[in-house]
Amino acid sequence: MEAEFVNEFINRLTSNLHDLVSKNIMIETRLAMLEKSFTSLQVEHEKALEELERLKKKATKTAEA
């Protein structure tokens, strides 16, 4: 009876471990994809800010002329 309990315990432990490892890999993959998206959005944001500054300077020069 005790050996059956230990075997069942090990089976459940192994199953839970497999599930948790799979979930961890999935979460790490999602995180990596989100980090790439975030980096891309940061670059786009910086470009937009630079363009805004360029247009502000252009408008200032036009207004002064």
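Select Lys-56 to begin: with a relative accessible area of 46%, Lys-56 is partly exposed, because that class lies between the limits of 20% for buried and 50% for exposed. The model on display is a predicted one. Keep Lys-56 selected and add Glu-53, whose side chain meets that of Lys-56 in a salt bridge, at 3.9 Å from N to O. This pair falls inside the cut-off, because a salt bridge requires the nitrogen to be within 4 Å of the carboxyl oxygen. Glu-53 is also partly exposed, at 41% relative accessible area. Both residues belong to helix 1, and because they are three residues apart there, about one helical turn separates them.

**The neighbouring pair**

Next, select Glu-51 and Arg-54. These two residues form a salt bridge in which the closest N and O atoms are 2.6 Å apart. They too lie in helix 1, three residues apart, or about one turn of the helix. Are these two partners buried, partly exposed or exposed? Arg-54 counts as partly exposed because its relative accessibility is 43%, and Glu-51 is placed in the partly exposed class by its value of 35%.

**A distance along the helix**

Now select Thr-39, which is found in helix 1. Its relative accessible area is 43%, so Thr-39 is partly exposed. With a distance tool, connect the C-alpha atom of Thr-39 to that of Glu-53: the separation is 21 Å, for residues 14 apart along the chain.

**Towards the start of the chain**

Move to Glu-8 and Arg-12, which are joined by a salt bridge with 2.8 Å between the closest N and O atoms. Because Glu-8 and Arg-12 are four residues apart in helix 1, about one helical turn lies between them. The partners fall into two accessibility classes. Glu-8 counts as partly exposed, at 39% relative accessibility, whereas Arg-12 is exposed, with a relative accessible area of 55%. How many salt bridges does a search of the whole structure find? The search finds three.

Remain in this region and select Phe-5, Val-6, Phe-9, Ile-10 and Leu-13 together. They form a nonpolar patch on the surface, and their combined accessible area is about 510 Å². Leu-13, one of the residues in the patch, lies in helix 1, which covers residues 2-64.

Then select Ala-3, another residue located in helix 1. Ala-3 counts as exposed because its relative accessibility is 53%, and the limit for that class is over 50%. Add Glu-28 to the selection and compare the C-alpha positions: Ala-3 and Glu-28 are 25 residues apart in sequence and 37 Å apart in space.

**The whole chain**

Finally, clear the selection and display the entire protein chain. How many helices and strands does the chain have? There are one helix and zero strands. The radius of gyration is 28 Å, well over the 11 Å given by the globule rule for 65 residues, so the chain is more spread out than a compact globule. Turn the model to view the principal axes, along which the C-alpha atoms fill a box of roughly 95 × 10 × 5 Å.

Colour the residues by accessibility if the viewer permits. Of the 65 residues, 0% count as buried. The accessible surface of the chain comes to about 6500 Å², and carbon and sulfur atoms account for 63% of this area.

As a last selection, mark the charged side chains. The chain has 10 positive and 12 negative side chains. The centres of these two sets lie 13 Å apart.

Terms used:
Residues numbered from 1 in each chain as written. Predicted model: local features only at pLDDT ≥ 70, side-chain atom pairs only at ≥ 80, totals over all residues. Heavy atoms only, no water. Patch = residues over 30% accessible without salt bridge, like charges linked within 9 Å, V, L, I, M, F, W, Y side chains within 5 Å. Areas by Shrake-Rupley, 256 points an atom, 1.4 Å probe, with all protein chains shown as cover. Helix = DSSP H or I, 4+ residues; strand = E, 2+ residues; numbered from the N terminus. Buried < 20%, exposed > 50% of the residue type's maximum accessible area, 1.4 Å probe, protein only. Rg over C-alpha atoms; globule rule 2.2 N^0.38 Å. Lys, Arg positive; Asp, Glu negative; His and termini not counted. Charge placed at Lys NZ, Arg CZ, Asp CG, Glu CD.
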